[in-house]
Amino acid sequence: MRKNLLVLVVVAFIMGCSEPPKLEHKFTIDVSYSAEVDLLAKDGRLLLMLSSDDSDEPRFQINDGLNTQLIFGMNVENWAKDSVLTFDENVFGYPYESLKDVPPGEYNVQALLNVYETFNLSTGHTVKLPMDNGEGQQWQKSPGNLYSKPFKIRVASNGFENVSVDLNQVIPPIEEPEDTKWIKHVKVKSEKLSEFWGRDIFLGAHILLPKGFEEHPEAKYPLMVFHGHFPSDFGGFRTTPPDPKMKPEYSERFSLEGYNVIEQQEAYDFYKRWNEPDFPRFIIIEIQHPTPYYDDSYAVNSANQGPYGDAITYELIPEIEKQFRGMGEGWSRFLYGGSTGGWEALAVQVKYPDEYNGCFAACPDPIDFRAYTLTNIYDDENAYFYKSAHKTLEVPSHRNYLGQIQSTLRQGNHLELVLGDKSRSGQQWDIWEATYSPQGKDGYPQRIWDKKTGDINPKVAEYWKENFDLRHILERDWDKLGDNLKGKIHIYCGDMDNYYLNNAVYLMEDFLESTTDPYYEGEVKYGDRDEHCWNGDPDQPNAITRLRYNSMYVPKIMERIEKSAPKGADLTSWRYK
């Protein structure tokens, strides 16, 4: 008995000293789509999202700020029904690069397919891209995209346990806005763009008519072109006071309670101003020109997006002026906008100097690529990291007015790479690439830098310089452009712009103020400690001035008209009370 007991003790000791069985690590999630949502094969970008925040669906919680949730992406080609695709630890993600890096915990999981369509370009290339479907290139809500309803999963230290996601929902179509007494809507088929893209392409616009338009059929009107991101309808115009039943909402950006009420009040105030006897009678338009790369085209001709500049200037605008009695002459057209719209206003004025009589560019996207936000694409070797022998420091991309950083250049670009390769994310850095870059051999834009590493391609940078660096173009061609641009260039920017856009404005100002001959006769102004997108009013905070684009430049436009209108121009038919 003692002998048997000794044997049991020895066995127990040996078993106690042996290694415990290893846990199986499984970092995979399977995704399929239901036959009832679509029976056709699909191309696109399949996105898998995980969120630890229950306040909304994961698809609405992806950004490059501090509150972002998790996303992973892969390309899909000819995805047939009943086929299962697997996300594993090798699929690139953001902000964690791999599923194996996801911390243990409880998450909502959701998948979405951003559907691609095939385009046979006039250049001879075939590309697959997400067609805009009336939403302004927003993958989270683009009609026709497939998605799943969120459900909870638990992530353990050894990964995921048999997680399968089924795409069984389809985002529905968007209803187009209806005409009113004041606001009309037009769509024009562009022959130029249709030829480039190999299918029918339409340009749209929302038109705000002046007071007395029907009562004064003899009047012809100047045109104000408000450039900016994709507008679902004409914004900032409201014929009734703020809705008394609307619950006030807090604006974190502006630290203001009830900012939604303020927005409605400003829109109503503009309606009242629009109807005052002394207010000039203009036509104002907001253009819809989304592309398969972004919510708008940047309003210029581009190797990758086609002749949007010519299509807008020579097809859309003349048709609007024909339908709504615009004067149809360059001296009577004016450009304005902020951010993307600010760059567009200046770029269109520079590239079509005779077709427009002034631009008011607020907080414009980089207008000098020596300050492509914080990167000098000509001298820097890498966009993501400052050059240093012994220290790694990332280049910031977003700050608040105190200089506190929310994101870096690398992080924002890595998010875009998850959302889509080949410049197909539909986001900011990729649209600059799609607009400014030469077309690659595969039909997609050539990269300005390696999306993963940040290493800059100097040949692409040189192409950008000669074709889209607005400061360089003005300096290079001022002897040809100067006389046509005198009095037409006005630029405004906060000196604490969130995206460091004021740095490029400084460089542009140096040229305009010190080296132009003839002198440019415009203005460049800065808002002290103002963020994106300050637009030139020194007496009001940014939260208010951004709501007054449609009226704040009118006095400057009237001054310009009086100074520059040609002899015999109609200065009276549109000045009725």
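This is a short tutorial dialogue on reading a predicted model.

Q: Let's start with the overall build. How many helices and strands does the protein have?

A: Keep in mind that the model is predicted. The protein has 13 helices and 24 strands.

Q: How do I read the radius of gyration for a chain of 577 residues?

A: You set it beside what a compact globule would give. With 577 residues that would be near 25 Å, and the protein has 28 Å, which agrees. For the outline, the C-alpha atoms fill a box of roughly 125 × 55 × 55 Å along the principal axes.

Q: What share of the residues is buried, and what share of the contacts links residues 24 or more positions apart?

A: Buried residues make up 54% of the 577. Among contacts with a separation of 6 or more, 71% are between residues 24 or more positions apart. As for the surface, about 26300 Å² is accessible, and carbon and sulfur atoms hold 49% of that.

Q: Now the cysteines. How many disulfides does a search of the whole structure find?

A: You look for cysteine sulfur atoms within 2.5 Å of each other. The search turns up 1 disulfide. C363 and C533 form it, with their sulfur atoms 1.2 Å apart.

Q: Which parts does that pair tie together?

A: C363 sits in the loop between β20 (359-362) and β21 (396-399), while C533 sits in the loop between β24 (523-527) and α11 (542-545), so the bond ties together parts that are 170 residues apart in sequence. Both C363 and C533 are buried.

Q: What about C359 and C493: where is the nearest cysteine sulfur for C359, and for C493?

A: C359 is in no disulfide, and the nearest cysteine sulfur, that of C363, is 13 Å away. C359 counts as buried because its relative accessibility is 0%. C493 is in no disulfide either; for C493 the nearest cysteine sulfur is also that of C363, 6.2 Å away. C493 is at 0% relative accessibility, so it counts as buried too.

Q: Does backbone geometry have a usual pattern to check against? What is it?

A: Most residues other than glycine have a negative phi, and most peptide bonds are trans. Now for the cases that depart from that pattern. A cis peptide bond joins Y94 and P95, with omega about -5°, and P95 is in the loop between β5 (93-94) and β6. The bond from H532 to C533 is cis as well, with omega near 20°.

Q: And phi: are A299 and R529 buried or exposed?

A: A299 has a positive phi of about 60° without being a glycine. A299 lies in the loop between β16 (283-288) and β17 (301-302), and at 2% relative accessible area A299 is buried. R529 has a positive phi of about 60° too, and is not a glycine. The loop between β24 and α11 holds R529, and with a relative accessible area of 56% R529 is exposed.

Q: How do I read a single residue's surroundings? Which residues does N502 touch?

A: Place it, check its burial, then list its contacts. N502 lies in helix α10 (residues 502-514) and is buried, with a relative accessible area of 2%. Leaving out residues up to four places away in sequence, N502 touches R399, C493, G494, D495 and D497.

Q: And E106: which strand is E106 in?

A: E106 belongs to strand β6 (residues 105-115). E106 is partly exposed, at 42% relative accessible area. Beyond its neighbours within four places in sequence, E106 is in contact with S51, S52, K152, I153 and R154.

Key: Residues numbered from 1 in each chain as written. Predicted model: local features only at pLDDT ≥ 70, side-chain atom pairs only at ≥ 80, totals over all residues. Heavy atoms only, no water. Helix = DSSP H or I, 4+ residues; strand = E, 2+ residues; numbered from the N terminus. Buried < 20%, exposed > 50% of the residue type's maximum accessible area, 1.4 Å probe, protein only. Rg over C-alpha atoms; globule rule 2.2 N^0.38 Å. Contact = heavy atoms within 4.5 Å. Areas by Shrake-Rupley, 256 points an atom, 1.4 Å probe, with all protein chains shown as cover.
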